[in-house]
Amino acid sequence: MEEARESACNDMGKMLQLVLPVATQIQQEVIKAYGFNNEGEGVLKFARLVKMYETQDPEIAAMSVKLKSLLLPPLSTPPIGSGIPTS
């Protein structure tokens, strides 16, 4: 996972191409041990349950944020005033 992240160099396209498949493979292996189908249906069911429990459990919400930060590059916000000029 770390090697894929380093290769992606915080580029969103490369993250999706290199990191997401590795993360998906790891997730499939882990959720199978907890009774989920490790194919597409099980992965989607797991993701929906995590999303639901994020609102109910601060620990799950914090872990979800941490996981997303590992999988997605940091988003930079444009400086204030650098948007589309209004005239």
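## A network of salt bridges

K51, E54 and K68 are joined in a network of salt bridges. The model that shows this network is predicted. E54 takes part in two pairings: with K51, the closest N and O atoms lie 3.7 Å apart, and with K68 the corresponding separation is 3.9 Å. Because E54 is in helix α3 and K68 is in helix α4, this pair ties together parts that are 14 residues apart in sequence. The pairing of E54 with K51, by contrast, stays inside helix α3, where the two residues are three apart and thus separated by about one helical turn.

Such an arrangement fits a general feature of helices: an α-helix has 3.6 residues a turn, so residues three or four places apart point the same way. Side chains of opposite charge can pair when their charged atoms come close.

## The surroundings of E54

Is E54 buried or exposed? Its relative accessible area is 16%, and E54 therefore counts as buried, the cut-off being under 20%. Its partner K68 has a relative accessibility of 41% and is classed as partly exposed.

Leaving aside residues up to four places away in sequence, E54 touches I60, A61, S64 and K68. K68 is thus both a contact of E54 and its salt-bridge partner.

## The salt bridge in helix α1

The structure contains three salt bridges in total. One of them lies in helix α1, where the side chains of R5 and E2 meet with an N to O distance of 3.9 Å. R5 and E2 are three residues apart in this helix, which places them about one helical turn from each other.

Both residues of this pair are partly exposed: R5 has a relative accessibility of 24%, and E2 has a relative accessible area of 47%.

## Helix α2: span, bend and packing

Helix α2 covers residues 12-32, a run of 21 residues. The distance from its first C-alpha to its last is 28 Å, close to the 30 Å expected at 1.5 Å a residue. The helix bends by about 35° at V19, and the proline P21 follows within four residues.

At the N-terminal end of α2, D11 acts as a cap, with a side-chain oxygen 3.0 Å from the backbone nitrogen of G13. Within the helix, M15, V19, A23 and I31 are buried; V19 is also the site of the bend. The buried residues of α2 pack against α1, α3 and α4.

## Helix α4

Helix α4 comprises residues 58-71. Its 14 residues should span 20 Å at 1.5 Å a residue, and its end C-alpha atoms are indeed 20 Å apart, so the two values agree.

The N-terminal end of α4 is capped by D57, which has a side-chain oxygen 2.8 Å from the backbone nitrogen of E59.

## Confidence in the model

How confident is the prediction, and what is the average pLDDT of the protein chain? The average is 82, and 83% of the residues score at least 70.

Among the elements of the chain, helix α1 (residues 2-8) has the lowest mean pLDDT, at 82. Helix α3 (residues 40-54) has the highest, at 90. The salt bridge between R5 and E2 thus belongs to helix α1, whereas E54 and K51 belong to helix α3.

Conventions: Residues are numbered from 1 along each chain as its sequence is written. This is a predicted model: local features need pLDDT of at least 70, side-chain atom pairs count only at pLDDT 80 or more; totals for chains, interfaces and linings use all residues. Side-chain values use heavy atoms; hydrogens and water are left out. pLDDT is the predictor's confidence in each residue, from 0 to 100. The expected span of a helix is 1.5 Å times one less than its number of residues. The bend at a residue is the angle between axes fitted to the seven residues ending there and the seven starting there. Buried means under 20% relative accessible area, exposed over 50%, partly exposed in between (1.4 Å probe, protein chains only). Contact means heavy atoms within 4.5 Å. A polar contact is a pair of N or O atoms within 3.5 Å; within protein, one must be able to donate a hydrogen and the other to accept it, and residues adjacent in sequence count only if both atoms are side-chain atoms. A salt bridge is a side-chain nitrogen of Lys or Arg within 4 Å of a carboxyl oxygen of Asp or Glu.
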